[in-house]
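Me: Could you take a close look at the empty spaces in this one for me? I'd like to know where they sit and what lines them.

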Amino acid sequence: QAGKARRRIKPSTVLIGLPILAGLGYLAFELWGPFGLLLIGAPFVQPAFSRWVDRITNMYAGIVRPLATRRTLTLILAGAFGLGIVAVNTQLPSGFIPGEDQGIIYAVLQTPPGSTLEYTNAKSRELQEIAKQIHGVTSVTSVAGYEILTEGRGSNAGTAIINLNPWSERDLTAQQIIAELEERTAEMTDVKLEFFEPPAIPGFGAAGGFALRVLDQTQSSVTDYERLGKVTEEFMAALEKRPEVKNIFTFYAADYPQYELQIDNNVAMQKGVSLANALENLNILIGSTYEQGFVLFNQFYKVYVQAWPEFRRMPEDLGDMFVKNEKGEMVPYSAFMKLKKEQGLNEITRYNLYPSAAIQGVPAAGYSSGEAIAVIRQVAAETLPPGYALGWEGLSWDESQSGNAAIYIFLIVVAFVYLVLVGQYESFLIPLSVILSVPVGLFGAFLFLQLAGLANDVWAQLGLIMLVGLLGKNAILIVEFAVQRRNDGLSLRDAAVEGGKLRFRPIQMTSFAFVAGLAPLVFATGAGALGNRTIGATGVGGMLLGTIVGVILIPGLYYVFGRASDGRKLLRDESADPLSEGRVGLHPNAALEGTSDIHRAESSDSRKEP
């Protein structure tokens, strides 16, 4: 101030203070790194920072003051953000639970029908050697005779489990490694290969992506498995033309080489052979049966009855097998049974008692599981003939059944918040100024999800529910102070501007601190990265737009509904005073006015009585 002598810092103070400050700075840097230096320097920049915030607050008040009374403009802006949510959400891909990089890849291989187990095992070994050469793969385990997708067994089926290095030790994601595997295995002949990741939730399906079945619901007396195979092939061919899906795969085939046993019942009866005994005996000879077990030398042994391998290796060996007739005589099977070459199914699978063909696939890059399911349903409606339908499995079933449940849950959350605010303000109109400010942040959340290339899945919906509380909290702070200033006697316009100005700094500080805390999620990598990025983008986008634009809109919304409710009551005892604060202790002026009324009543009573 003028007229006062300026204080001068003594040289001795500088000489003593600088080494101490340097020592504290070095210690803070050693303990907390650059963040420690910021803590040491915070007291020096705090006055300048406060002046900078005050200027922004005054600019905010200057913007809000002329806009607060523009009721039409305020409602148009609120409606525009609502329409923006609808517009962006129609373009935003939908999903359920995104697949994550779990460090494991499943490889399913299928050799031509009728291939031997040795041939399939050789192809599995070849795949194993190729996978080991890829950077990021730590080990590969392969098995022939079993495929993991539909848990099918057959000599032409095989599975390889490819284990990847930890995320910190590899530069490629699981999807990038799958792309490299597909490129390197393209030269393998006489084998069909598909690569999948594990399901996002263990136990919900055998692999990630989508899983479905083509169902034969014709309910004919004899199932035409060959026609089911043709319908499945046509359906898959139509799916492969769509860019939204890839890696379409099925093990269903009706052309496996087989032998049909043709039994002459009349000859068998003439020979005195019971067909039930003949087939049971044949099942034991070619297959096996468990008879009993025994313990020898503290070791338990199981006893199986079966013909030796050299007597059941070739189809012609059936002519050397015998069965007892009713007289105890040995009758050769060749006397009443013949072999006929046929083609048929390797395994018969049913879905809700309907014959079915299992199909597995994954959404293509840039598409979500919701888009893939929508495309599959569209193609099924166009290609599947009458009597055939789809059945979903694993997470695909849950996603297909979810419907609009997320919308209903979100509406329930908003309705709950509204009813709580109705009880707090004892008004049905004032809480609308809080509720209608939420779409601003929700629009920012959807916009950030679209810009980040993410989907509207379960993680995004959790983030949206979280945003309702956070954005509502910001609006409540402004509306609460505006209601207090209105009860103090200010006009609606001044109360709205004053409430926004008083709460602008704490809202900005808490909101940007929340955004800074979510920033690492937006750029997350490694395990659970996709879910973290989805929640982070939802929270950051919603809070940024809700904090920057929403605080400008909230005073105008309070003015709109404050004017609509000013002097009007929807209920007989409705009051605009917040229930959370108490009416006497909240506003000193109101308390004084109440006291003066009591004094006036006492004085008037004293005049009546001498």
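Reply: Here's a walk through the second largest pocket, then the second largest cavity, with a quick stop at the surface to finish. Keep in mind that this is a predicted model.

Let's start with the pocket. The second largest pocket holds about 1200 Å³ of space. Its lining is made up of 41 residues, and those closest to the centre are N89, A406, I407, N456 and Q461. If you'd rather think in helices and strands, the elements that put two or more residues into that lining are α3 (71-91), α9 (369-383), α10 (394-402), α11 (405-425), α13 (438-451) and α14. The top contributor is α11, which gives eight residues to the lining of this pocket.

Now for the enclosed spaces. Rolling a probe the size of a water molecule over the atoms shows where empty space is left. Searching the whole structure turns up three cavities of 30 Å³ or more. The second largest cavity has a volume of about 40 Å³, and its lining consists of S437, L471, N474, G546, G550 and I554. Two elements each give two or more residues to that lining: α14 (458-487) and α17 (550-565). You've met α14 already, as it is also on the list for the second largest pocket.

Last, the surface. D224, E226, E233, E234 and D255 gather there in a patch of negative charge. One of these, E226, lies in helix α6, which covers residues 225-240.

Methods:
Residues are numbered from 1 along each chain as its sequence is written. This is a predicted model: local features need pLDDT of at least 70, side-chain atom pairs count only at pLDDT 80 or more; totals for chains, interfaces and linings use all residues. Side-chain values use heavy atoms; hydrogens and water are left out. Patches are made of residues with over 30% relative accessible area and no salt bridge: like charges are joined within 9 Å, nonpolar side chains (Val, Leu, Ile, Met, Phe, Trp, Tyr) within 5 Å. Accessible areas come from the Shrake-Rupley method with a 1.4 Å probe; for residues, only the protein chains shown count as cover. A salt bridge is a side-chain nitrogen of Lys or Arg within 4 Å of a carboxyl oxygen of Asp or Glu. Lys and Arg count as positive and Asp and Glu as negative; His and the chain ends are not counted. The place of a charge is taken as NZ of Lys, CZ of Arg, CG of Asp or CD of Glu. Helices (H or I, at least four residues) and strands (E, at least two) are DSSP runs, numbered from the N terminus. On a 1 Å grid over the protein atoms alone, a cavity is a set of points where a 1.4 Å probe fits but cannot get out, and a pocket is an open set with protein on both sides within 12 Å along at least five of seven lines; lining residues have an atom within 4 Å of a point. Grid points are joined across faces, edges and corners, and a volume is the space filled by probe spheres set on the points.
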